[in-house]
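Visitor: I'm new here, could you walk me through this one?
Guide: Happy to; have a look first.

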Amino acid sequence: VRARVMQVEHEPEVAYEDIGGISEQIDEVRETVELPLTSPGRFDAVGIDPPSGVLLHGPPGTGKTMLAKAVANQTEATFIKMAGSELVHKFIGEGAKLVRDLFELARQHEPAVLFIDEIDAIAAKRTDSKTSGDAEVQRTMMQLLSEMDGFDDRGEISIIAATNRFDMLDRAILRPGRFDRLIEVPKPDLEGREMIFRIHTRSMNVADEVDFEQLAEDTENASGADIKAICTEAGMFAIRDDRQTVTREDFENAWEKIDDDEESDGDEIS
Ligand code: ATP
């Protein structure tokens with residue numbers, strides 16, 4: 001059962017070049033997560049500790065998971081992912097046990113990048129509403145923080161957490177020695193969107209008339225995940241039409257479709 005909720009991938013195939021529009025964030029992740037793994041001596045020499053944990057925050061589908069995978073790829077580390085929601089359990093002690101198992105798994109796979117998605121599920125501010133299980137969720141979070149504390153020697157495990165709901169977080173997890181490096185991963189701007197279109201069409205058969213700059217202008221507010229979906233959908237239009245080349249119209253239809261789908265989803269957050 002445990003193995004099912006923890007995703008393990010050795011050197012995932014995501015490179016920094018596959019991530020568009022967030023080069024500053026890439027640089028920051030490289031400096032704070034990659035450098036301590038590849039050159040721990042540089043931190044020792046200066047006499048500072050690398051950050052304990054990095055928290056990526058921003059809207060869904062902006063590349064947070066990709067970033068964590070790219071670090072694992074670059075450092076030849078194992079990528080271990082678990083969603084915070086999977087750590088929420090009814091039974092007393094179950095969440096804490098899973099956290100211990102998660103760190104044990106990471107130790108077995110050193111060097112490892114431990115990615116905890118939806119950290120808000122176990123680290124939300126306490127509200128007045130007395131949800132049953134609140135205390136259990138809190139214990140799970142305490143276990144996570146205590147596992148992080150246990151890394152005196154720093155070992156070869158990097159911890160990256162992510163959330164789409166930064167304002168909901170209990171500020172206690174952001175204290176020094178915990179998730180003490182925050183990196184905001186925003187939706188892409190115009191230039192970023194164009195880059196992401198180019199990335200996701202690299203292996204597509206696209207007509208010369210397709211203007212990525214124009215597409216980027218037309219898709220304001222699209223996330224990286226939306227752009228990826230647009231490219232796939234555009235390809236589907238071509239297939240349905242029995243064509244091998246994807247045209248400008250295919251992209252336009254695809255965006256219309258995806259934009260509509262999103263609107264009917266309301267502002268539900270995944
Ligand atoms: P969530 O918060 O929903 O988990 P996320 O920020 O972790 O989202 P990813 O899982 O990294 O998002 O992105 C989903 C997919 O969208 C990626 O596999 C990729 O195909 C595409 N994508 C997202 N952001 C980018 C980007 N900046 N550049 C290229 N592709 C992107």
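**Around the ligand**

Visitor: Which residues come nearest to the ligand?
Guide: This is a predicted model, where local features need pLDDT of at least 70, side-chain atom pairs count only at pLDDT 80 or more, and totals for chains, interfaces and linings use all residues. Residues are numbered from 1 along each chain as its sequence is written, and side-chain values use heavy atoms, leaving out hydrogens and water. There are 18 residues around the ligand, counting a residue as near if one of its heavy atoms lies within 4 Å. Those that come nearest are Gly-20, Gly-61, Thr-65, Asn-164 and His-200.

Visitor: How far is an N or O atom in the side chain of Thr-65 from an oxygen atom of the ligand?
Guide: Here we're looking at polar contacts, pairs of N or O atoms within 3.5 Å. Asn-164 has a polar side-chain atom 2.9 Å from a ligand oxygen, and a backbone N or O atom of Gly-63 lies 3.1 Å from one. For the side chain of Thr-65, the distance is 2.6 Å.

Visitor: How much of the ligand's accessible area does the protein cover?
Guide: Accessible areas come from the Shrake-Rupley method with a 1.4 Å probe. On its own, the ligand has 630 Å² of such area. The protein's cover comes to 81%.

**The cores**

Visitor: Which helix gives the largest share of the largest nonpolar core?
Guide: A nonpolar core is a set of buried Ala, Val, Leu, Ile, Met, Phe, Trp, Tyr and Cys residues joined through side-chain atoms within 4.5 Å, and buried means under 20% relative accessible area, with a 1.4 Å probe and protein chains only. The largest one has 30 residues, with Ile-119 and Met-141 among those touching the most other members. Elements that each supply at least two of its residues include β3 (78-83) and α7 (134-149); helices and strands are DSSP runs, H or I for at least four residues and E for at least two, numbered from the N terminus. The largest share, six residues, comes from α5.

**Loops**

Visitor: Is Asp-242 buried or exposed?
Guide: Asp-242 is found in the loop between α10 and α11 (248-264), and has a positive phi of about 60° although it is not a glycine. Over 50% relative accessible area means exposed. At 73%, Asp-242 counts as exposed.

Visitor: Where does Pro-111 lie?
Guide: The peptide bond leading to Pro-111 from Glu-110 is cis, with omega near -5°. As for its place, Pro-111 lies in the loop between α5 and β4.

Notes:
A polar contact is a pair of N or O atoms within 3.5 Å; within protein, one must be able to donate a hydrogen and the other to accept it, and residues adjacent in sequence count only if both atoms are side-chain atoms.
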